[in-house]
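Trainee: Could you take me through the reading of helix packing and buried polar side chains, one case at a time?

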Amino acid sequence: MAGTTLLGLDPESQGLSDPLSADIRLVDSLLHELLLHHEGEAFVATVRRLFEESQSQSPEGLLDRMPELRDPETARKVARAFTVLFQLINIAEQKEIVRVNRSRKRRTESVEDALEKLAESTDADAARSVVESLYVCPTLTAHPTEARRRAVLNRLDEIAVAMGQSQLAETEFGLDSPLGAEGRAKVAIRRNLTALWQTEELRTARLTVPEEVSNALFYFERSIFDAVSWIDRDVESAWRRNFGGDPPVPRIEYRSWVGGDRDGNPQVTAEVTWKTALRHSLLALNAHANNVVRLRSELTNGTSSLPHGPNLEEYVAAKCEELGIKIAQRYWT
């Protein structure tokens, strides 16, 4: 395997599952392909030898055994190669965690599990009171030690998405799949991995407050908005299975110190905090606007075909008036 992979990793020998082992071998081979193309055989040999040294030799005297590591640029690239490999393996492990959780008939510590246990010990009214009293409020903070650029986070996120689709892409095809679709996930991983390698990992200048805000907003865009809606749906489906009727809605909010904390950073001024609040507002409004556009394309039902069709327009108009929303144009059929 050493000829086609970077380190010849053998995850099965460590007791890892077949799907996780396949993903680790995949990233090992793709990283080998990338480094061989961009850095050459000598560099790949250096990375392999350092890995072998770590398995059998003491770090003492390493530079004497591998004098090429005395060159700062070579040492930097070797460290970067291992960093990228660890990032890829972390993504593979996250994918495996999701796969294992989905395969379980009952996931402990899940929303479904919590409501099942609640149903065993109390009635629907008491359970509703418990759920409605929940208040979850995670707070995002700035981490000066997080030096990775947003461009790097984007590339890692794209690789994670492609890895999540890799097995499906190679076994199942929809009507919208192009010919030769079996390799599209691997192509996406390869493309983003190349971009990741060619993107500077660390910032050369101190992170500014607006850049810290951008990093925080990245997580809202890429995961938090979706995750909160998933939790709401989990509560709804689990409630209907265990109690029936309309479900209660737990209160989930997010806060952020980034751009607003007063911990002595002179860059966090009143103007910066105001602009930060505006960016958060615009992000939320854009997310809602995108959902409305998507919803509009899905709601093709004519009022005459709905059970209470004639009343729908009146209901929407009343709601808009209640919320202070002006209807610019109506699209009733």
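**Helix crossings and two buried residues**

Mentor: In this predicted model, helix α2 passes α4 in a right-handed crossing.

Trainee: Which residues of α2 and α4 make the contact?

Mentor: On the α2 side the contact is made by F43, T46, V47, L50 and F51, and on the α4 side by T74, K77, V78, A81 and F82. Sorted by class, the residues of this contact are seven nonpolar, two polar and one charged.

Trainee: How is the geometry of such a pair described in general, and at roughly what angle do the axes of α2 and α4 cross?

Mentor: Two packed helices are described by the angle between their axes together with the distance between those axes. Here the axes of α2 (residues 41-56) and α4 (residues 72-103) come within 10 Å and cross at roughly 65°. Because angles of 65 to 115 degrees count as roughly perpendicular, α2 is described as roughly perpendicular to α4.

Trainee: What does the same reading give for the axes of α1 and α8?

Mentor: The axes of α1 (residues 18-38) and α8 come within 10 Å and cross at roughly 50°, which makes α1 oblique to α8. The crossing of α1 past α8 is right-handed. From α1 the contact draws on L26, L30, L31, E33, L34, L35 and H38, while α8 supplies K186, I189, R190, L193, T194 and W197. The residues of this contact divide into eight nonpolar, two polar and three charged.

Trainee: Turning to single residues, where does T199 lie, and is T199 buried or exposed?

Mentor: T199 lies in the loop between α8 (184-197) and α9 (209-242). With a relative accessible area of 17%, T199 is counted as buried, because the cut-off for that word is under 20%.

Trainee: What lies around T199?

Mentor: Leaving aside neighbours within four places in sequence, T199 is in contact with R80, R149, A151 and V152. A polar atom of the T199 side chain also lies 2.6 Å from the backbone oxygen of A195.

Trainee: And E112, in which helix does that residue lie, and with which side chain does the side chain of E112 make a polar contact?

Mentor: E112 lies in α5 (residues 111-121), and its relative accessible area of 19% makes E112 buried as well. The side chain of E112 makes a polar contact with the side chain of R241, at 2.3 Å. Not counting residues up to four places away in sequence, E112 touches A238, R241 and N242.

Terms used: Residues are numbered from 1 along each chain as its sequence is written. This is a predicted model: local features need pLDDT of at least 70, side-chain atom pairs count only at pLDDT 80 or more; totals for chains, interfaces and linings use all residues. Side-chain values use heavy atoms; hydrogens and water are left out. Helices (H or I, at least four residues) and strands (E, at least two) are DSSP runs, numbered from the N terminus. Buried means under 20% relative accessible area, exposed over 50%, partly exposed in between (1.4 Å probe, protein chains only). A polar contact is a pair of N or O atoms within 3.5 Å; within protein, one must be able to donate a hydrogen and the other to accept it, and residues adjacent in sequence count only if both atoms are side-chain atoms. Contact means heavy atoms within 4.5 Å. Axes are lines fitted to C-alpha atoms, for helices over the stretch in contact, and angles run from 0 to 180 degrees between N-to-C directions. Angles under 35 degrees count as roughly parallel, over 145 as roughly antiparallel, 65 to 115 as roughly perpendicular and the rest as oblique. A crossing is left-handed if the near helix is turned anticlockwise from the far one by less than a right angle, and right-handed if clockwise. Ala, Val, Leu, Ile, Met, Phe, Trp, Tyr, Cys and Pro count as nonpolar, Asp, Glu, Lys and Arg as charged, and the others, Gly among them, as polar.
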